[in-house]
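The following report treats a two-chain model, with attention to helix packing, burial and backbone geometry.

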Amino acid sequence: MRPLRIALTKGRLEEKAVSLFERAGYDCSALRNKGRRLILPLAGGGMEAVLCKAPDVITYVEHGVCDAGVVGKDTILEKGGTFYEMLDLGFGRCRFALAGPKGTDFFSGYSARTVASKYPNVAANYFAGKAMDVRIIKIEGSVELAPLLGLADAIVDLVETGTTLRENGLQVIETLCGVSARFIVGASSLKFRRQEIEALASRLERAAQAEGPERKAQP
Amino acid sequence: MKNYSRITPEGTRDYLFEECRSRHRIEKKLSDIFSARGFREVMTPGLEYYDVFDPAFSGIGQEVLFKMSDRQGRIVVMRPDNTLPIARLAATRLQNLRKPLRLFYVQPIYRSHPGLAGRSSEDVQAGVELLGAGGFRADLEVLATAVEALNACAPGFRMEIGHAGFFRSLAKSLPASGDFRERVRGAVESKNYGALDVCLSGLGDSPQIRALRALPRLYGGEEVFEKAAPFCTGELEKTLRSLRRLYRTLAGLGLGGRLMADLGLVQRNDYYTGIVFSAYLEGCGDAVLRGGRYDGLLEHFGEPMPAVGFGVDVDALTRAALERRAARTPSRADVLVHGGDGYELAALKHAAELIAKGLRCETSVFPTEEDAAAYARACGIRRMDVVGSGIRTVRFGEAKA
């Protein structure tokens, strides 16, 4: 049987995920000296880490080619999918927020609004929940530009400290929900490799709890 | 305007040669098993009225349905599920037959999935439905059929069983909002302990809430039943006992470590009322078999009766079978029969004789013997019979196809 394969989100969450695995007692030396390799031995070859972009973590886990993964709740909310979301790892914490130019009232009046977002599904679900018809435009990069350029009335985006918003004359209108990194497990993998996966999950859970005293679970 | 005449729609594909043979073989194996156990085959139309799959009781979202309208403007869909049409059939044309009805089917379902995710829109499913029978024996009969089917086609499977009653009964203690119930259901289904805790916080600490909280963790081997016992009182105690009995009986079928219990198993189709079960293959992310008891469904078609059944993904079994025999070369004819001018009929008769002997035989459509020989060599046909006033056999050496 091949080693247990864990998909890790590259970039923002990567360093924190690797240090969590280290605190949980897994040898991550290959991940620390990865060069340009994308598949690396973890825990001395007992497991394999696969480095990929966030939405791909879900894709690989759903198709059963990776057994588990570390991915942000933001990606899970945007992409959806069928898998077990077993742990809130507590890091990469920020929130989804609706933000618009300071001093404007987004909800007043009856003219249809335009909202720019990198997360069109999250934005669409949010406004559908409010029974609001909103035109949503997908933007790939700095979403803050859209209201500044007059393309959109507001944005739905991830907000960590709010500095970028403030420096561009925007403010949070409403918070949608909080997000953080999650440990996800493929449905099929949990049937075939339950002991390994549960052992890994409980070690990660303990390491994550030891880290953040004020961590609180989020939906 | 863009022209799409040279490609197939996303989520569909052509099946070639070995794939067809392998799929037919799986279909035959399954059909043989089902009919040997007394199930009779039915085929339902590929097109059905939308109302048969009303999302209110089917749990099938309207966004996955391929829809069109008929001449009177009524909404028609490509069949997205096999259980509902069979429920319709059982409640209408078959309502006067002696129960229980044992029906089976092998036919495709059509579902539209989000783009570019590698999911198929057209999947052949095979399955059985046992209608008009409730109770342990009926559950066991259907589960045993599922186990026999998987043993024959993909013996390395894992099967999990659960019971819709756990969530259904515990959810009664939740606030009535359907939205909220759906959020809790989603958290249980995805074993999202954190989200479940948040949903249930502020609902007090009643035994039901404590049981709901524990539900997603109650999976594994037979020890699950011990772990679950403290949470299961009254009605649930009975449910737990009957599930355990089923688990033990199934284990007696030689399932050993391939069987799991998962009390947090809530199927996506909301119509299940009793046992629910799924089976998985290694390396195949989604379940290949799903089933359960749906005692409330026939009522929607005007003829209430208990029912239980399952469907298995024939395409997934076919892929698994093909992977096991990956290196097989495509099958070629054993003999090419070429008739000279004026001997076309004689060539046909000769070919028929060879076929009767069990050989696979192509009749040449080339004007000359040289062309026929070149073709045979190119495709790796090792023998050519040339029919003229006599029959001359030419053999070719190993050729690269």
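In which segment of chain B is the place of F17(B)? F17(B) lies in the segment before α1 (18-36) of chain B. Helices here are DSSP runs of H or I with at least four residues, strands are runs of E with at least two, and both are numbered from the N terminus.

The model is predicted: local features need pLDDT of at least 70, side-chain atom pairs count only at pLDDT 80 or more, and totals for chains, interfaces and linings use all residues. Residues are numbered from 1 along each chain as its sequence is written, while chains are lettered from A and ligands numbered from 1 in the order in which they are written.

**Backbone geometry**

Most residues other than glycine have a negative phi, and most peptide bonds are trans. The table gathers positive phi values in the model.

| Residue | Phi | Place |
|---|---|---|
| F17(B) | near 40 degrees | before α1 of chain B |
| K191(B) | near 50 degrees | loop between α6 (178-189) and α7 of chain B |
| G256(B) | near 50 degrees | following α10(B) |
| A131(A) | about 55 degrees | just after α5(A) |

F17(B) and K191(B) are both residues other than glycine. A cis peptide bond, with omega about -5 degrees, joins K99(B) to P100(B). P100(B) is placed in the loop between α3 (83-91) and β5 (101-110) of chain B.

Burial is judged from C-beta atoms placed from the backbone: a residue is buried if 20 or more others lie within 10 Å of its own, exposed if 12 or fewer, and partly exposed in between. F17(B) counts as exposed because it has 9 C-beta neighbours inside 10 Å. K191(B), by contrast, has 24 such neighbours inside 10 Å and therefore counts as buried.

**K191(B) and the interface**

Two residues are in contact if their C-beta atoms, placed from the backbone, lie within 7 Å. Leaving aside neighbours within four places in sequence, K191(B) is in contact with Y84(A), E85(A) and M86(A) of chain A, and with P216(B) and G264(B) of chain B. The C-alpha atoms of K191(B) and L215(B) are 8.7 Å apart, although the two residues are 24 apart in sequence.

Between the chains, 22 residues of chain B are in contact with 19 residues of chain A. On the chain B side, β7, α7 (193-200) and β11 (284-293) each give two or more residues. Of these elements, α7(B) gives the most, with six residues. By class, this side has nine nonpolar, seven polar and six charged residues. In this scheme Ala, Val, Leu, Ile, Met, Phe, Trp, Tyr, Cys and Pro count as nonpolar, Asp, Glu, Lys and Arg as charged, and the others, Gly among them, as polar.

**Helix α10 of chain B**

Helix α10(B) has 21 residues, which at 1.5 Å a residue should span 30 Å (the expected span is 1.5 Å times one less than the number of residues). Its end C-alpha atoms are 28 Å apart, which agrees. The residues L236(B), T239(B), L240(B), L243(B) and L250(B) of α10(B) are buried. Seen down the axis, the buried residues of α10(B) fall within an arc of 95 degrees, so they line one face of the helix; the arc is that of the directions from the helix axis to the C-beta atoms. An α-helix has 3.6 residues a turn, so residues three or four places apart point the same way. The face of α10(B) turned away from the buried side carries the exposed residues K238(B), R248(B) and G252(B).

The cover over the buried residues of α10(B) includes α4 (136-153), β7 (158-163), α5, α9 (223-228) and β9 (259-262) of chain B. The axes of α5 (residues 164-171) and α10 (residues 235-255) of chain B come within 10 Å and cross at roughly 170 degrees. These two helices are therefore roughly antiparallel to each other (over 145 degrees). At their contact, G165(B), F166(B) and S169(B) of α5(B) meet E235(B), L236(B) and T239(B) of α10(B).

**Chain A**

Chain A comprises nine helices and eleven strands, and 41% of its 219 residues are buried. Its C-alpha trace spans about 60 × 35 × 30 Å along the principal axes. In helix α5 (residues 120-129) of chain A, the buried residues are V122(A), A123(A) and Y126(A). These buried residues of α5(A) also fall within an arc of 95 degrees seen down the axis, so they line one face of the helix.

How values were computed:
Axes are lines fitted to C-alpha atoms, for helices over the stretch in contact, and angles run from 0 to 180 degrees between N-to-C directions. Angles under 35 degrees count as roughly parallel, over 145 as roughly antiparallel, 65 to 115 as roughly perpendicular and the rest as oblique.
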